[in-house]
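Thanks for making time. I will go through one protein today, and you can follow along on the screen.

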Amino acid sequence: MMRRLPLMLVFACLGATALAQCTHEPELNNQVTPDLRNADYPDLLPIEGLLPPLPAPETQSAELEQELKARSSNLERRAEALRRAQN
């Protein structure tokens, strides 16, 4: 009986997938105007001009180092406060 359950589950999923494929899709061809259908494709632009420049790795690593030092000192202060509270 335990072996039949996974097999039944597989067949149920396959059946549900097959039924989902029978749904009616709306007609998209009638929604496109003739002007839009005959329009030219937009010009392609190089991606370098579209993305903001990345910060220099040196700047990024310095900022990360400062953030980690600040978090470390904050955790050390919290640990010291917990030690004092327990004594």
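**Surface and salt bridges**

I will start with one side chain, Phe11, which is exposed, with a relative accessible area of 54%. Before I go further, please keep in mind that this is a predicted model. Phe11 sits in helix H1, which covers residues 4-20. Which residues form a nonpolar patch on the surface? Phe11 does so together with Leu7, Val10 and Leu14. The accessible area of these four side chains and their backbones, taken as residues, is about 410 Å² together.

Now the overall picture. The protein has three helices and zero strands. Along the sequence, that reads as α-α-α. How many of the 87 residues count as buried? The figure is 0%. Buried here means under 20% relative accessible area, so 0% of the residues fall under that cut-off. The accessible surface of the protein is about 9,200 Å², and carbon and sulfur atoms account for 61% of that.

A word on confidence. The mean pLDDT of the protein is 84, and 85% of the residues are at 70 or more. Among the elements, the lowest mean pLDDT belongs to H1, at 79, and the highest to H3, at 94. The nonpolar patch residue Phe11 is therefore in the element with the lowest mean pLDDT, since Phe11 lies in H1.

Next, the charged side chains. Side chains of opposite charge can pair when their charged atoms come close. How many salt bridges are there? The count is three.

Take Lys69 and Glu65 to begin with. Their side chains meet in a salt bridge, at 3.4 Å from N to O. Where are the two residues relative to each other? Both are in helix H3, residues 57-86, and because they are four residues apart, about one helical turn separates them. Lys69 is exposed, at 55% relative accessible area, whereas Glu65 counts as partly exposed, at 45%.

Further along is Glu80, which has two partners to discuss, Arg83 and Arg84. Arg83 forms a salt bridge with Glu80, and their closest N and O atoms are 2.8 Å apart. Arg83 and Glu80 are three residues apart in helix H3, about one turn of the helix. The side chain of Arg84 also meets that of Glu80 in a salt bridge, here at 3.7 Å from N to O. Arg84 and Glu80 are four residues apart in helix H3, so they too are separated by about one helical turn.

Are these residues exposed or partly exposed? Arg83 is partly exposed, with a relative accessible area of 47%. Glu80 is partly exposed as well, at 32%. Arg84 counts as exposed, at 59%. Glu80, Arg83 and Arg84 are thus linked in a network of salt bridges.

To go over it once more: three helices and zero strands, a nonpolar surface patch that includes Phe11, and three salt bridges. That is what I have for today.

Conventions. Residues numbered from 1 in each chain as written. Predicted model: local features only at pLDDT ≥ 70, side-chain atom pairs only at ≥ 80, totals over all residues. Heavy atoms only, no water. Patch = residues over 30% accessible without salt bridge, like charges linked within 9 Å, V, L, I, M, F, W, Y side chains within 5 Å. Areas by Shrake-Rupley, 256 points an atom, 1.4 Å probe, with all protein chains shown as cover. Buried < 20%, exposed > 50% of the residue type's maximum accessible area, 1.4 Å probe, protein only. pLDDT = per-residue confidence, 0-100.
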